[in-house]
Structures are given as C-alpha cells and as structure tokens.
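Let's take a walk through this structure together, one region at a time. Keep the view open beside the text so that you can turn to each place as it comes up.

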Amino acid sequence: MTTGKDIVAVKNIVKHFDISGGLLDQLSFTNGRLVRKKTTVKAVNNISFTITQGETFSIVGESGCGKSTLARTIIGLYPPESGEIYYRGSRIDGMTPADMLPYRASMQMIFQDPYASLNPRKTVQQTLEEPVVFHNKSISASLVKEKVSEVMEQVGVDPKWSTRYPHEFSGGQRQRISIARALMVDPEFIVADEPVSALDVSIQAQILNLLMEAREKRGLTYMFITHDLSVVEHISTRVGVMYLGMLCELASAENLFNSPQHPYTKALLTAIPKLGRSKPGHLPLKGEVPTPVDLPEGCVFHGRCIHSEARCTKEIPVLRLLDSGTGVACHGIEEGRL
Amino acid sequence: MSHLLEVKNLSVTFALRFGELAAINDVSFTLQRGERFGLVGESGAGKSVTGFAIINLISKPGYIAGGRVLFENKELNSLSTEEMRRIRGNRISMIFQDPMMTLNPVLTIGTQMIETILAHKKVTKKQAEEIAIEKLERVHIPSPRKRFKQYPHEFSGGMRQRIVIAIALLTDPAIIIADEPTTALDVTIQAEIMTLLLELCESKNMGLILITHDLGVVSEVTERIAVMYAGRIVEVGSTRLVIDNPEHPYTKGLINALPGSQRPGTMLNQIPGVMPTLTGMPPGCAFHPRCSVRVQECKRNVPQLMPIGNKNIMAACHLLTGKRTNSEQ
C-alpha cells in the first residue's frame, strides 16, 4: 500500500488505554455477585491513511476525539493495540528501540505548550544540542555549536541568547525554540500537536509563517494536529476530521472547506466564528459528546446527528471514496439520502 | 441621554514592592440598555482587569487609581461594601472562563442557585427553587427538575457553562459581564453558548460586556467593540466598522494576522515583536515599537482616543489624528 512518494502510512490503527486501576478498583457488586470489570478508553479506532512527501496533513477534531493519541502513536510514543505503521515503506510499530533510532531522528514532534515542553533547568544551547549529540555521538563540539546558532537564526531567535533559560523568553519565542529543537536533527517529517493553540493571534501568525517557511526551505512534511479550523484551512493540503476516535472524513483542504460531506464536518465548519458574520449561524447538533469509554454502537456520531436512521445505530460506517476524491464514513451519504 | 453604564478614565494600578504598575490606563466607554459590547485584545491587554474594576473586584495589591464607573447614574466606586453587594451579582452579573472553577464541586447546583437567590431576593426557599428551575429551563438544560439535584461533575463542560449562565440570570441583571465564557469549550459548544447569550440579551433587553481574545466571536455577537492594547483602548466603535474597516494600525495588524483573512497557503501578515509587559512599557504610544507606520511623535506622547472623520469610530493614534487635522486645514 506504500508507494515511493508516501512518507507515512497507517493501516487500521487502534489505541486503547486501560484506566481500570488496581484490582480493588475493578471489583464491583452487580446483582449480588462480585464482578471484575476492566475500563478502557477507546481513543483511536481503526484509522487508516497515508501522508505523501511534502504535504501538510491535518487532523482536526474537538477535545477528546483522539487526535493527539493518534499523533503520538504514529511517532512511536505509544504502542498501538493493533494495526500497522509504515515509514517510507518499512514497518516501524513494534520495532526495538535500537532499530527505531534512525527513524526517530527523521520524525520529530512539536508540542502545544511551550511552557511545559522545554526543560526549565537547561539553557537554550543545552536543549538544542542534546538531540544532535544523541543521534550523532561522534560530532565535534564546535560543529554542534555552529549548528545551534544556525538553527536559532533560522527560527528567528538571536543566537546571542543561547545561554539563557526558557523562563527568560515569551511564549512565542519558546515555541520558536521548540521548533528549533525539532529542526536540529534535520528531520523529514514533523508532527506538530496544536503548536499555535496557546499563542495570541499576532504571535500565532509569526509561528505559522515560520512553520510554512521551514516547510519550503527544508522540504518538510507535516502532520498537523489542531482544533482550529481557520489554521487548518490556511496551511493544510489534506485534512482528516476525527470524531470519538474515528476518521469521519478525509479530503483535500479545498474540498473539505468548499464542499464538506459528513454531517459532523458540516456542523464543525458552521460553528467557527467568522469575521463579518453578524450572527452565529451554526448547524445545531443534538445531545452531548459520548465518552470514549462507552462508545455508542454503530456510527459513533449517530446520537448527535440529525440525519441518523436505524442502520446508523447498528452498523459502523467505513470510509468510502466519493468521485471528488473525498473519503467519508457515513451511511446516509452511501445510501444517497444526504 | 443617560447611559446604562459609563466607564470614565478608569485606571487600575498594582502596587508592588518594586513600584507601581498600571494595568489599565484611562479606559472609557459606555454601554446602553440591551447593548452588546465587546472588549477584545491579546492576553495581558487589560480586558479582564477592566471587567473586574467595573464591579469593584480589584483585590490588593491592585487598586482603582483613578476614574469613575457610573451605573444607572450611581457612582459605583464610592459605594460602601454593603451597597456594592446589592449591585454585584444582582444588577450586574459576571460569567467566568472556566465553569469548573466557578461552581462549587461539593454542593449540588440547586443549592448554589438557591443560595444566590436568597442573597438578593426576599423569597421562600420553595419559591427560590421554582425560579432556579425556570432559569435552568431558560438555558435549555434538559429535565431541569432532576438536574437541579446534581453536582457539577455530573455535567459536561458546555452544560456547566449553561448553569453558570443560569446562575447569572437568577436575579434578572441589567448587565452581564462575560469574561472569555467559551474559551475552554469546543467550537460546536461555543456556538451553542454564544447563540444562547445572544438570545437572552435580546429577549430580556440585557446589556452584555463580552471579554474575549477571539475576533470572530465578538464580530458575531456584539454591536460595538473596544480593542485594547497594553492597558489602553486603542480603538472603539461599531463592530461592523471596526472589523471591516479598522483604523488603528494594531487593529489592522490583528485582523490581517488571522489565518482566515488570507488566501490559504500564503504567508500571513504578522505583527513583529510582542506586546510589552507592564514593567517594560515603552514611552509614548505603547504600540510604536511594533508599528510599521510610526512617526517621531509616537515615541514621545501617548495618543488620546479621538473621533476619526465622521465615522463613529474613535482611535488613539497620532497618525490618524494628524491626518484628521491636516485634512481639516
């Protein structure tokens, strides 16, 4: 399923978390009998897609939909329950840490909170040189130093400040340093998990520009995780929409924003507040978001969908390709009633 | 014409060991009955401090260093604690960002609602319960009688914020101050809460001061907005005019920096630098170090809010007022 141009391919990936705690937490009385019950959070369920070289693939969804878990599973921070992950054609899930090493250098991650993701007791210099030295033990100290100032320059932080600590920088500058840390090992693929969500509008624009610039100059491929649809529209080439651990729509950014298909995508797009609109004009949804502990049967979205029918409550829809190239998981669309 | 609320040259200062820091400076605006007014700006601009100062909730080491707040022609900052209590939470209610922090986790929402009513109204407990249930219905909580007896953790984030709004409505206030009411919520829930707030303001002719960093939200909900930067209002006027045709360079920069304002894939227009902190406030106009059109004057004097043309917009910018006087000459 992987062609030469695909950088990452994921196949039927599933990630669950056991949150049942110790033995005593798992025991409960039901109908007069002692029962042991496990509780699992079904964060990611059966997701497949590929990311092509040079594209910016975004995953959008609301909090708790499993988008961050998906990103972390792909990059190898969590082992998946089942499914396959390929990087440039070789399977990387289940690899030993030693075998994984070269892949770790080419896949890097940027996190949301620039206050929590930098070690407060390390200077910028120390933070930035650590990954380089780790991946290339024989590199000379002067070369590392050169590299640090080169990358700092690229992300717009004055190399003079390399001896400073994270608390001496503003949020935007810290995010630049996080980006610099990811760029230090010259990766090909970067997973950015909500990289601008914690930043103010004027700083957000600076960081987005920096990320786009790095993409052009270094030929990077991004996987971008965010809940902010206007950011997604601006920087993505393709977008996957997630709801409760499932991928409900997968489309080119243009198709997704111009002709959304899935009822959830439609509701999500109309809910974004728009400049110049004088009233919130969202498509209302029914009810509440269910928890990923008790996933609803059938389509996970049926409880909030205004178009749901009997089949939606029983059968899980699969992602089907439409003529436009958009993939959508919805019985209503498949049956032609939506 | 008398205004429902008039904020005049309001300043709040924090007295710290190393000196006095002005959090907001010379803030003035008015609110009419039933009007929806937005206070926008980035973090640290002084939006929340302004909200707190209106209901006299600035705690030490902060104090109101100058200016007045007039509500129904009463001067709020000269009232006694007792008199202020009769207005705060009664005639002027406030909604905060995080509904989990605002609600008491160990009391049922019913208890918390009755408590609020009994503090402000002479009614029996039974009557208070009826009022509370009616308000829960008003904010579209399903089966309010059953929900009334539940604890905050039994509700989702969006539902909790509805309950907080219901509590704010209990005393039928004339003004609701909502400080980032949907920042902690997902967009689909945010849209529901904003629609609800809008509907309540219209049906009850209630004034709303919406404090937010989200230009999209204010643009949809409010009729007039004030843009704040480094503790001062830099531009104020009708929402349509300010959003469609901003005058102040900061407002322009902010709107142009939004990802939705440009063709996808192109570089965004960024404002260089960051907002100054209270300790490092530059002389003159606080925006001048980041401003692309600054002139000498900007480094020397703080610009005052002035009407721009005959457009019903006021902006604080030397360049704009300079242009105005030039064209008048």
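A good place to begin is B:N73, which sits in the loop between β4 and β5 of chain B. Please keep in mind throughout that this is a predicted model. B:N73 has a positive phi of about 65 degrees, although it is not a glycine. Is this residue buried or exposed? With 9 C-beta neighbours inside 10 Å, B:N73 counts as exposed, because the cut-off for that class is 12 or fewer. The strands on either side, β4(B) and β5(B), form a hairpin with 2 residues between them. B:E72, in the turn, also has a positive phi, of about 45 degrees.

Now follow the strands out of that turn. β4(B) and strand β5 (residues 74-75) of chain B are antiparallel and pair over 2 bridges, and B:L70 has B:E75 as its bridge partner in β5(B). Strand β4 (residues 62-71) of chain B also pairs with strand β1 (residues 5-16) of chain B, in the antiparallel sense and over 8 bridges. Within that pairing, B:K8 is matched with B:R68 of β4(B).

Step back along the chain to the loop between α1 (47-54) and β4 of chain B, where you will find B:P61. A cis peptide bond joins B:K60 and B:P61, with omega at about 5 degrees. The loop between α1 and β4 of chain B also holds B:N56. B:N56 is not a glycine, yet its phi is positive, at about 55 degrees. As a general background, most residues other than glycine have a negative phi, and most peptide bonds are trans. B:N56 is partly exposed, with 18 other C-beta atoms within 10 Å.

Let's cross over to chain A and its sheet. Here 8 strands form an open sheet with mixed pairing, in the order β8-β9-β10-β5-β11-β12-β14-β13. Which strands stand at the edges? They are β8 (107-110) and β13 (320-321) of chain A; each has a single partner strand, so one side of each is left without a neighbour in the sheet. Further in, strand β12 (residues 246-252) of chain A and strand β14 (residues 327-328) of chain A run antiparallel and are joined by 2 bridges. One place to look is A:L250, whose bridge partner in β14(A) is A:G327.

Helices lie across this sheet too. Helix α6 (residues 171-183) of chain A lies across β8 and β9 (189-193) of chain A, and runs at about 170 degrees to β8(A). α10(A) lies across β11 (238-243) and β12 of chain A, at about 100 degrees to β11(A).

Next comes the nonpolar interior. The largest nonpolar core has 184 residues, and A:A180, A:Y243, B:V227 and B:Y229 touch the most other members. Helix α7 (residues 157-169) of chain B gives the most to this core, with 8 residues. Leaving aside neighbours within four places in sequence, A:A180 is in contact with A:L128, A:V151, A:M152, A:V155 and A:V157.

Finally, look at where the chains meet. The contact takes 34 residues from chain A and 34 residues from chain B. On the side of chain A that touches chain B, α7 (201-218), α8 (229-235) and α10 (263-271) of chain A each supply at least two residues. The largest share of that side, 8 residues, comes from α7(A). By class, the side of chain A that touches chain B has 15 nonpolar, 12 polar and 7 charged residues.

How values were computed: Residues numbered from 1 in each chain as written. Chains lettered and ligands numbered in written order. Predicted model: local features only at pLDDT ≥ 70, side-chain atom pairs only at ≥ 80, totals over all residues. Contact = placed C-beta atoms within 7 Å. Helix = DSSP H or I, 4+ residues; strand = E, 2+ residues; numbered from the N terminus. Nonpolar A, V, L, I, M, F, W, Y, C, P; charged D, E, K, R; others polar. Pairing = 2+ DSSP bridges. Buried ≥ 20, exposed ≤ 12 C-beta atoms within 10 Å, placed from the backbone. Core = buried A, V, L, I, M, F, W, Y, C linked by C-beta atoms within 7 Å. Axes fitted to C-alpha atoms, helices over the stretch in contact; angles between N-to-C directions.
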